[in-house]
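Please read the following report alongside the sequence and the coordinates. It moves from the overall fold and dimensions to the surface, and then to the nonpolar interior.

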Amino acid sequence: MLAFEALRAVDERDAYANLVLPPLLRRAREKAGPDKFDGRDAALATELVYGTLRWQGTYDAVIAECVDRPLREVDPPVLDVLSLGVHQLLGTRIPTHAAVSASVDLARVVLGDGRAKFVNAVLRKVAQDDLDGWLRRVAPPYDDDPEEHLAVVHSHPRWVVSALWDSLGGGRAGIEDLLEADNERPEVTLVARPGRATTEELLREESAVPGRWSPYAVRLAEGGEPGAVDAVRENRAGVQDEGSQLVALALANAPLDGPDKAWLDGCAGPGGKAALLAALAAERGAVLLASEKQPHRAGLVAKALAGNPGPYQVIAADGTRPPWRPGSFDRVLMDVPCTGLGALRRRPEARWRRRPEDLEGFAPLQRALLRTALESVRVGGVVGYATCSPHLAETRAVVQDVLKQYGDAVDVVDARPLLAGVTELGEGPDVQLWPHLHGTDAMYLALIRRTA
């Protein structure tokens, strides 16, 4: 029931599973008591929700083969129950009879007896084969249609497969590795905020191991609960993907000509990069201004920065109409709004929610924010343009278009040496991180110095 409620919230309210699931788990634990709802129950519910969302495209193709009508004519609540059942049958080790029985019981409660019979009939058809067998039936051969084959086998929309492949380049092996990584459950990564916590402290936590690349990163390798970590509760550490940490560190470590006193995070919400930048700035006697357009997100930034040892300021302001004077900052980070295709491991529902036309909506804003960043930095200062999307229309196309307007007044900095020890960073000068190569979200970074 709990997993069904989460899926309905994702479908009906465009909610994100990582936001709706924790309160549902908490409510279930309070209602049943810890003896009847323990960690194993929570882990199963989490797997059912995230697994169903990740594999929705594949499961839709399987269900379509087992119903007597177009899938669009199946009521969404019925489809959610079916998808949960299919995931239990094809994506877990739950015995067939238990998966079918539990799904039919759920259908009877939330849908009624008539629809429960329909669910029973469909799931019994699905149970006649395993996942590999179904994929041979529902996915076109790779040689006939590579993109559609990969879309069905790896449960991504075809347009996303195409976009990721264009950005990644190369042959079949690389794109398959990337799509497989998108379907893996990511580890929880913590950041020890400089001057407030250390990795040594965080490594004393159960299942904690060092990060791969960032000197401030610690991974909870067995899915540990960050809320149980003292440093996280005290805001001395936070949850932050290692790719996000690397972007902030690269900007902070970029060589400057002249002073290094004023830093700007121009799209600061929800505050992870801003908190790391503020801590690094404090160590150097610099001040961070964190700006976020949405007031409620600016509130999250303020919460993330609370307790920073050095001075900082958080404001709610539109980055395309900034209240600060041009040339006010030595370092500027502009992590622009985007499709989020680089974080599909963490938000699997985003792959089904986004559409190609979304790119057109983001494009003017991304270019405007990069222009603001370049106007906000002083001559000799550095801008970091970042996105959590590897789509070329949101990364290199934006940078190239904007830089044409500035000519010799800007110079692109090679970001690769600033990501010390990180391998497979391509030809530069910009950097694209990848889940399958770096174990991070697919973060993009271009560093640009203002020369005139």
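## Overall architecture and interior

The protein chain contains 20 helices and 12 strands, in what is a predicted model. With 452 residues, a compact globule would be expected to have a radius of gyration near 22 Å, and the 24 Å found for the protein chain agrees with this. Along the principal axes, the C-alpha atoms fill a box of roughly 75 × 55 × 35 Å. Among contacts with a separation of 6 or more, 71% are between residues that lie 24 or more positions apart.

The table collects values for the whole protein chain.

| Property | Value |
|---|---|
| Residues that count as buried | 55% of 452 residues |
| Accessible surface | about 19,800 Å² |
| Share of that surface from carbon and sulfur atoms | 49% |
| Distance between mean positions of positive and negative charges | 5 Å |

The charges behind the last row are 53 positive and 64 negative.

Turning to the interior, in soluble globular proteins nonpolar side chains tend to be buried together. The largest nonpolar core here has 53 residues, and those with the most contacts inside it are Leu2, Val49, Leu82, Leu90, Val119 and Val126. Helix 5, which spans residues 76-91, supplies the largest share of this core with eight residues. Leaving aside residues up to four places away in sequence, Leu82 touches Ile63, Phe118, Val119, Val122 and Leu123. A second core, separate from that one, is made up of 42 residues and includes Ala254, Val413, Leu418 and Leu445.

Technical notes. Residues are numbered from 1 along each chain as its sequence is written. This is a predicted model: local features need pLDDT of at least 70, side-chain atom pairs count only at pLDDT 80 or more; totals for chains, interfaces and linings use all residues. Side-chain values use heavy atoms; hydrogens and water are left out. Helices (H or I, at least four residues) and strands (E, at least two) are DSSP runs, numbered from the N terminus. The radius of gyration is taken over C-alpha atoms; the globule rule is 2.2 Å times the number of residues to the power 0.38. Buried means under 20% relative accessible area, exposed over 50%, partly exposed in between (1.4 Å probe, protein chains only). Contact means heavy atoms within 4.5 Å. Accessible areas come from the Shrake-Rupley method with a 1.4 Å probe; for residues, only the protein chains shown count as cover. Lys and Arg count as positive and Asp and Glu as negative; His and the chain ends are not counted. The place of a charge is taken as NZ of Lys, CZ of Arg, CG of Asp or CD of Glu. A nonpolar core is a set of buried Ala, Val, Leu, Ile, Met, Phe, Trp, Tyr and Cys residues joined through side-chain atoms within 4.5 Å.
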